[in-house]
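Okay, thanks for making time, everyone. I'd like to walk you through one model today, going from the helices to the core and then to the pockets.

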Amino acid sequence: MALFAKYLRIGSTVKHGIQAFPQLSAAKYSVYPPHFSEPIYKKQDLDKIYESGEIENYKLIPYKAARSNETCSVFHDPIVAKFINYMLKKGQKKLARGVLEKTFEKIKKIQLEKYNRETDPEKKASIIIDPVVILKKAVANCKPLLKLTAVKRGGSFYQVPVPITDKESTFYAMRWFVHCGREKDKSISFPDFMASELINASNNDGKVVKKKLDLHKQCEANRAYAHYRFS
């Protein structure tokens, strides 16, 4: 009878595997083993590898297959694609892409007006018209260097400043842009607000840059607890 009950328990865990073993959920599985490298799908990167002679080091390395959204087209940019993914809600990627395209149109109109109004040749040459370059510069200016994490010591939680990776800091910057866009005044459209915010951030100004500076100030205020992350 005890053996039968044991098999019943095993069957229930298999039937409800996600509830019994949450660490074995489908999100943790991957088609490729961990030693597989990310694919190199850009022609410019492949040409550099061939010219430098490093192609011999890549011949025996197993690679993952390129994703459906990874292409060598000149119109594809990984930063833009990632920003679209952060903008979308409920899987409406077409809507998010259309909103970002409208944002790029607004940015180009604003920058062209500045360019045509400017009479000084030096200042005119410094005006960036390409919206993709402005987006990259804005994200780079808003990437934080530190973050606060809760560490428990002696029954109390302390906010400890810790350094973060480039990938995580990019996530923070893009998420701040999207959150500021959703918290805007309803009288302003999302593309108009995002266009002005990206232009301001590319010039080290605006709400998102202020969020980064506020986070750095909080990390500076809690630097006395920085040693807790090592103990």
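Before I show you anything, one term: when I say buried, I mean a residue with under 20% relative accessible area. With that in hand, look at helix α6, where the buried residues are Ala 96, Leu 100, Thr 103, Phe 104, Ile 107 and Gln 111. And please keep in mind that this is a predicted model.

So what covers those buried residues of α6? The cover includes α5, α8 and α10. As for its geometry, α6 has 25 residues, and at 1.5 Å a residue they should span 36 Å. The end C-alpha atoms of α6 are in fact 36 Å apart, so the model agrees with that expectation.

Let me step back to the whole chain for a second. We have 11 helices and 2 strands. If you read from the N terminus, the order is α-α-α-α-α-α-α-α-β-β-α-α-α, so the two β elements come after eight α elements and before three more, going by how DSSP runs are numbered. Of the 231 residues, 26% count as buried. Then there are the contacts between residues at least 6 apart in sequence: 64% of those join residues at least 24 apart.

Now on to α10, residues 190-202. Is this helix mostly covered or mostly open? Mostly covered: 10 of its 13 residues are buried. Among them are Phe 190, Phe 193, Met 194, Leu 198 and Ile 199, and the buried set also includes Glu 197 and Ser 202. These buried residues pack against α5, α6, α8, α9 and α11. The length works out here too, because 13 residues at 1.5 Å each should span 18 Å, and the end C-alpha atoms are 18 Å apart. After α10 comes Asn 204, which has a positive phi, near 60°.

That takes us to the core. The largest nonpolar core holds 32 residues, and the ones with the most contacts inside it are Phe 83, Phe 177 and Leu 198. Elements giving two or more residues to this core are α5, α6, α8, α9, α10 and α11. Which residues does Phe 83 touch, leaving out those up to four places away in sequence? Leu 100, Leu 135, Met 174, Phe 177 and Met 194.

A few single residues now. Ile 134 sits in helix α8. Its relative accessible area is 2%, so Ile 134 counts as buried. Beyond residues up to four places away in sequence, Ile 134 touches Ile 107, Gln 111, Ile 128, Leu 198, Ile 199 and Ser 202. If you want a distance to check on screen, the C-alpha atoms of Ile 134 and Lys 108 are separated by 9.8 Å, and those two are 26 residues apart along the chain.

Thr 170 is in helix α9. Thr 170 is buried as well, because its relative accessible area is 9%. Setting aside neighbours within four places in sequence, Thr 170 is in contact with Val 139 and Lys 143.

Then there's His 76, in the loop between α4 and α5. Is His 76 buried or exposed? Buried, because its relative accessibility is 14%. Not counting residues up to four places away in sequence, His 76 touches Tyr 41, Lys 42, Asn 69, Glu 70, Thr 71 and Ala 81.

Last stop, the pockets. The largest pocket has about 460 Å³ of space. Of the 15 residues that line it, the closest to the centre are Tyr 41, Arg 67, Glu 70, Pro 78 and Lys 82. Helix α5, residues 78-87, gives the most to that lining, with 4 residues. By class, the lining of the largest pocket divides into 5 nonpolar, 3 polar and 7 charged.

How big is the second largest pocket? Its volume is about 360 Å³. This one is also lined by 15 residues, and the closest to its centre are Phe 75, Val 80, Ala 81, Ile 84 and Arg 97. Elements that give two or more residues to this lining are α5 and α6. The most comes from α6, with 5 residues. The lining of the second largest pocket has 8 nonpolar, 3 polar and 4 charged residues.

That's my tour, and I'm happy to take questions.

Key:
Residues are numbered from 1 along each chain as its sequence is written. This is a predicted model: local features need pLDDT of at least 70, side-chain atom pairs count only at pLDDT 80 or more; totals for chains, interfaces and linings use all residues. Side-chain values use heavy atoms; hydrogens and water are left out. On a 1 Å grid over the protein atoms alone, a cavity is a set of points where a 1.4 Å probe fits but cannot get out, and a pocket is an open set with protein on both sides within 12 Å along at least five of seven lines; lining residues have an atom within 4 Å of a point. Grid points are joined across faces, edges and corners, and a volume is the space filled by probe spheres set on the points. Ala, Val, Leu, Ile, Met, Phe, Trp, Tyr, Cys and Pro count as nonpolar, Asp, Glu, Lys and Arg as charged, and the others, Gly among them, as polar. The expected span of a helix is 1.5 Å times one less than its number of residues. Buried means under 20% relative accessible area, exposed over 50%, partly exposed in between (1.4 Å probe, protein chains only). Contact means heavy atoms within 4.5 Å. A nonpolar core is a set of buried Ala, Val, Leu, Ile, Met, Phe, Trp, Tyr and Cys residues joined through side-chain atoms within 4.5 Å.
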